[in-house]
Amino acid sequence: MYELTGKIRRIGERQTFASGFTKQEVVVEQPGGERGPVPVPVVFKGDDVSRVDALAAGSEIKVAFAVEGREWQDPKTNRLRCFCDLTAHRVEVIAAAPMAEELEGTVEGTV
């Protein structure tokens, strides 16, 4: 199991497939040095998607995840492809996103 700490950049739409499988992506921003911030997508799957309900863009979180890979062969082209997910298992909010009123106050005082 691995851990990642960063700020939530974006929360994707929850997806439910015909099989009943559900997943939702959360993009966590990591500092990137010279190249700027690095967006890292983590995926909540199955029953774990309910954990996303407590999250908000702008919050700082620590998420525990596993690296999961799989192969898929395209039936039309017979081409073999590999996919990789960072599958989230636990998440902890370190600092909640600032409220809209707080943001307005900081913008008002700047020149």
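Here is a friendly exchange about how some labels in this predicted model are earned.

Me: Let's start with the overall layout. What makes up the secondary structure of the protein, and which pattern does it follow?

Reply: There are one helix and six strands. Along the sequence the pattern reads β-β-β-β-β-β-α.

Me: Why is Asp 85 called buried?

Reply: Asp 85 has a relative accessibility of 13%, and buried means under 20%, so Asp 85 counts as buried. As for its place in the chain, Asp 85 sits in strand E6, which covers residues 80–95.

Me: Which residues is Asp 85 in contact with, leaving aside its neighbours within four places in sequence?

Reply: Val 43, Lys 45, Ala 66, Val 67, Glu 68 and Arg 70. Two of these, Lys 45 and Arg 70, deserve a look at the side chains. Asp 85 makes a polar contact of 3.2 Å with the side chain of Lys 45 and one of 3.4 Å with the side chain of Arg 70.

Me: Why is the pair of Lys 45 and Asp 85 called a salt bridge?

Reply: The N to O distance between their side chains is 3.2 Å. The rule asks for a side-chain nitrogen of Lys or Arg within 4 Å of a carboxyl oxygen of Asp or Glu, so this Lys and Asp pair qualifies. The pair links distant parts of the chain, with Lys 45 in strand E4 (residues 38–45) and Asp 85 in strand E6, 40 residues apart. Both Lys 45 and Asp 85 are buried.

Me: What makes Asp 85 and Arg 70 a salt bridge?

Reply: Here the N to O distance is 3.4 Å. Because the cut-off is 4 Å, the pair of Asp 85 and Arg 70 passes as a salt bridge. Arg 70 belongs to strand E5 (residues 60–73) and Asp 85 to strand E6, so the salt bridge ties together parts that are 15 residues apart in sequence.

Me: Is Arg 70 buried or partly exposed, and how do you know?

Reply: Arg 70 has a relative accessible area of 41%. Buried needs under 20% and exposed needs over 50%, so Arg 70 is partly exposed. Its partner Asp 85, at 13%, is buried. Salt bridges that share partners join Lys 45, Glu 68, Arg 70 and Asp 85 into one network.

Me: How many salt bridges does a search of the whole structure find?

Reply: Seven. One further example joins the side chains of Arg 51 and Asp 48, at 3.1 Å from N to O.

Me: Why do Arg 51 and Asp 48 get their accessibility labels?

Reply: Arg 51 has 35% relative accessibility, and partly exposed is the class between under 20% and over 50%, so Arg 51 is partly exposed. Asp 48 has a relative accessible area of 18%, which is under 20%, so Asp 48 is buried.

Me: Why are Tyr 2 and Phe 65 called a stacked aromatic pair?

Reply: Their ring centres are 5.7 Å apart and the angle between the planes is 25 degrees. Rings pair when their centres lie within 6.5 Å, and planes under 30 degrees apart count as stacked, so Tyr 2 and Phe 65 meet both conditions. Tyr 2 lies in strand E1 and Phe 65 in strand E5, so the pair ties together parts that are 63 residues apart in sequence. Phe 65 counts as buried because its relative accessibility is 8%, under the 20% limit.

Me: A search of the whole structure finds two aromatic pairs. What makes Phe 17 and Phe 21 stacked?

Reply: Phe 17 and Phe 21 have ring centres 6.0 Å apart, with 25 degrees between the planes. The limits are 6.5 Å and 30 degrees, so this pair is stacked too. Phe 17, at 38%, is partly exposed, and Phe 21, at 35%, is also partly exposed.

Me: How do you know that E1 pairs with E5 and with E3?

Reply: Two strands pair if there are at least two bridges between them. Six bridges join E1 (residues 2–11) to E5 and four join E1 to E3 (residues 22–30), so both count as paired. Both pairings are antiparallel. In the pairing with E5, Glu 3 stands opposite Ala 64, and in the one with E3, Lys 7 stands opposite Glu 29.

Note on methods. Residues numbered from 1 in each chain as written. Predicted model: local features only at pLDDT ≥ 70, side-chain atom pairs only at ≥ 80, totals over all residues. Heavy atoms only, no water. Helix = DSSP H or I, 4+ residues; strand = E, 2+ residues; numbered from the N terminus. Buried < 20%, exposed > 50% of the residue type's maximum accessible area, 1.4 Å probe, protein only. Polar contact = N/O pair within 3.5 Å; in protein donor to acceptor, adjacent residues only side chain to side chain. Contact = heavy atoms within 4.5 Å. Phe/Tyr/Trp six-rings, centres within 6.5 Å; stacked < 30°, edge-to-face > 60°.
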